Amino acid sequence: MRITSTSCICPVLVCLCFVQRCYGAAHHGSIKVTRNQTKHIEGETEVHHRPKRGWVWNQFFVLEEHMGPDPQYVGKLHSNSDKGDGSVKYILTGEGAGTIFIIDDTTGDIHSTKSLDREQKTHYVLHAQAIDRRTNKPLEPESEFIIKVQDINDNAPKFTDGPYVVTVPEMSEMGTSVLQVTATDADDPTYGNSARVVYSILQGQPYFSVDPKTGVIRTALHNMDREAREHYSVVIQAKDMAGQVGGLSGSTTVNITLTDVNDNPPRFPQKHYQLYVPESAQVGSAVGKIKANDADAGSNADMKYTIINGDGSGVFSISTDKETREGILSLKKPLNYEKKKSYTLNIEGANTHLDFRFSHLGPFKDVTMLKVIVGDVDEPPLFTMPSYVMEVYENAKIGTAVGTVTAQDPDTANSLVRYFIDHNTEDNRYFTIDASTGTVKTAKIFDREETPWYNITVAASEIDNPGLVSHVPVGVRILDVNDNPPELAREYDVVVCENAKPGQVIQTITATDKDNSANGARFHFSLDEGLSLNPNFTLRDNEDNTASILTRRRRYSRTSQDIYYLPVLISDGGVPPLSSSSTLTIRVCACERDGRVRTCHAEAFLSSAGLSTGALIAILLCVVILLAIVVLFITLRRSKKEPLIISEEDVRENVVTYDDEGGGEEDTEAFDITALRNPSAAEELKYRRDVRPEVKHVARHHPSSSLDSINVQEFIKQRLAEADLDPSVPPYDSLQTYAYEGHRSETGSISSLDSATTHSDQDYNYLGDWGPEFKKLAELYGEIESERTT
């Protein structure tokens, strides 16, 4: 099968089509197939085909954007089996077959029925087959071929990122790169010049230029000044077909802004300025503004103002407002029209951010002169001192002069001044002031010990202009006089030990005085001379504002006297000297050997033995528990007691049971122990004291005359007979024990039984020196001695 095509819409394409038809087999890689033989194209291996078939095929081309009324002819299919009698039928399948591409099944001619767009689809793959029209059997196997859409220049270049916004510093060198723009063309770049783009500038000359091949925009002038022109709008065109006539084009806009550099120094609009400032202006307040102009923008226009010289540099200061870039003139010291009426200032304004590339355009600073005129203002009176301190003695009479304040009118008129006290505080009510002279006087009697200092405020105003008022603080110190007697510094708890020795210091006392140190720093201590000599205590002045209390005798007893009173006289060293009397209370207490107080109350003897409060409570609790047990035991015994008469059915002998075991310790009251221990001490028969005898004629023996001759055995028998015959004895058996120790010793007995009624003059004070083991014994004998003395 041979395939031919014609595609001619211009002389160039006609020539191409002619070459294609004449040299298709050699230049398009076609294959010519005949029966029983094969041919291969250059570079391919030999291919065997079924006999009786042969195809000739080509690569077809179709122009895009065909707008004719008739279908566009693409090419022709032809089989070697086709004899021209219409027996061969051609069939076309694949992409666009039947819709875009149609074939004449008899002649094999292919036409395109629609306008194609190469930018949407570049080629179509189809399949051709020749069959026998009568038998519908294929004469040749199916073959594949391609129809390519041939490009025409139907797409203009486009700038996808436009419009552009870009900046470039002012004063840049000529040829400085600003931006590179790029345009794209949808046409086929491999076929002709449809996609070959060339750039040109339509607007923006002579300031900028563009490279025709790369699209790079550059500055075209030297030293472009932002202050002269800041914004530029540049139009760039891109044209295909290498810029030839008939090519398509597209354009974009590039907005270029020149950025600022510090190429302009600051300049004051005037070389001389004048400023009026009233003398009443407050220190620290802003009194004026000044500004230097700078054509630059942003940080390049920032500047700093300074006062470089002039007679007012110490009175005024200048600062910079960063927002407005103005110089703010402030007052450092108060102005006085009467002393100086004008000042001259030289003010400099300089850029803070310099660009050394443009230093040749400098200097980047400027200087101007400012003259400050001081305005006269009616001022309030001025005190001669910023504050006053005055003094007055306490107890001074009302109306006593304390001091004088002075104020003058600073103006040239020198008006008269009136004084008064500002009564806004409580302290100001305690003083008065003479309105003409300014003399401060007391309005009450002061007590330094109550308030030692007062603060008042004195005001002064002009008589002609009372609205102008000035104030001054006045401090009044209250001086001290000796009007307070000394007294004890505190309440003293003075204790003297029972075993104290004569001359022992039992307390050191001090005194205090409400007056200051000038009136009472030295105190004198003494006992009241109007009283008789104290036999118990004395006082010693230590001459260091303290005094010591000393004992005058050896021992003290709480039982005889537990509290002593000692009057003490205290005087100061003021003028005139003052004195006071105080009474010390001295308690007598029991102390350890080292002087530690053990107890000061007689009822605390038990505690002094070493028993704490907890131990006492425990002992009492045990006693209560024991008593409860005894009561419970007795109750149980009584409830279980059996009757004395046993039941009549009991044939045993009646037995009466006595559970009482005798009188016990109470039975010792029936006889004199002294007599039993020592028969010679029995002067008479003594009956029991717990039973009153009914028979009173019992004979009494008086063995005192023959005690030494009595035999012990006879003595016992005698006592046994008396007990048997004594009707006052209890109706039960009792056991009496007699123990005879022998005859009286020549040296006498040491037993306390014989000496219970005797009195001794012996001094037991030495027991206190024997140590803690004899402490209780010394206390007991000390009490006995005290009772005897009393």
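**Entry 1: charges over rings**

I began with lysines placed over aromatic rings and found Lys121 over the face of Tyr124, 5.4 Å from the ring centre. I then located a second case, in which the charged end of Lys444 sits over the ring of Tyr430 at 4.6 Å from its centre. I note that the model is predicted.

**Entry 2: confidence**

I looked up the pLDDT and found a chain average of 78, with 75% of the residues scoring at least 70. Among the elements of the chain, I recorded the lowest mean for helix 2 (residues 24-27), at 32, and the highest for strand 20 (residues 326-331), at 95. I marked residues 603-609, where the pLDDT is below 50 and the stretch has 9 contacts in the model beyond near neighbours in sequence. I also marked residues 680-707, again with pLDDT below 50, for which I noted 36 contacts beyond near neighbours in sequence.

**Entry 3: aromatic pairs**

I describe a pair of aromatic rings by the distance of the centres and the angle of the planes. Counting ring pairs with centres within 6.5 Å, I obtained 15 aromatic pairs. For Tyr207 and Tyr232 I found the centres 5.0 Å apart and the planes at 55°, so I entered the pair as tilted. This pair links distant parts of the chain, 25 residues apart: Tyr207 is in the loop between strand 11 (198-203) and strand 12 (208-210), and Tyr232 is in strand 14 (residues 231-239). I listed Tyr207 as partly exposed, at 27% relative accessibility, and Tyr232 as buried, at 8%.

I turned next to Tyr430 and Tyr454, an edge-to-face pair with 5.4 Å centre to centre and 85° between the planes. Tyr430 lies in the loop between strand 27 (417-421) and strand 28 (431-433), and Tyr454 in strand 30 (residues 453-462), so the pair ties together parts 24 residues apart in sequence. I listed Tyr454 as buried, at 3% relative accessibility. Following the ring pairs further, I found that they link Tyr430, Phe431, Phe446 and Tyr454 into a cluster.

**Entry 4: helix 6**

I checked the length of helix 6 (residues 712-725): its 14 residues should span 20 Å at 1.5 Å a residue, and the end C-alpha atoms are 20 Å apart, which agrees. I identified its buried residues as Phe715, Arg719 and Glu722. Seen down the helix axis, these buried residues fall within an arc of 60°, so I recorded them as lining one face. I recalled that an α-helix has 3.6 residues a turn, so residues three or four places apart point the same way. On the face of helix 6 turned away from the buried side, I listed the exposed residues Glu714, Lys717, Leu720, Asp724 and Leu725.

Key:
Residues numbered from 1 in each chain as written. Predicted model: local features only at pLDDT ≥ 70, side-chain atom pairs only at ≥ 80, totals over all residues. Heavy atoms only, no water. Phe/Tyr/Trp six-rings, centres within 6.5 Å; stacked < 30°, edge-to-face > 60°. Helix = DSSP H or I, 4+ residues; strand = E, 2+ residues; numbered from the N terminus. Buried < 20%, exposed > 50% of the residue type's maximum accessible area, 1.4 Å probe, protein only. Lys NZ or Arg CZ within 6 Å of the ring centre and 35° of its normal. Expected span 1.5 Å × (residues − 1). Arc of directions from axis to C-beta. pLDDT = per-residue confidence, 0-100. Contact = heavy atoms within 4.5 Å.
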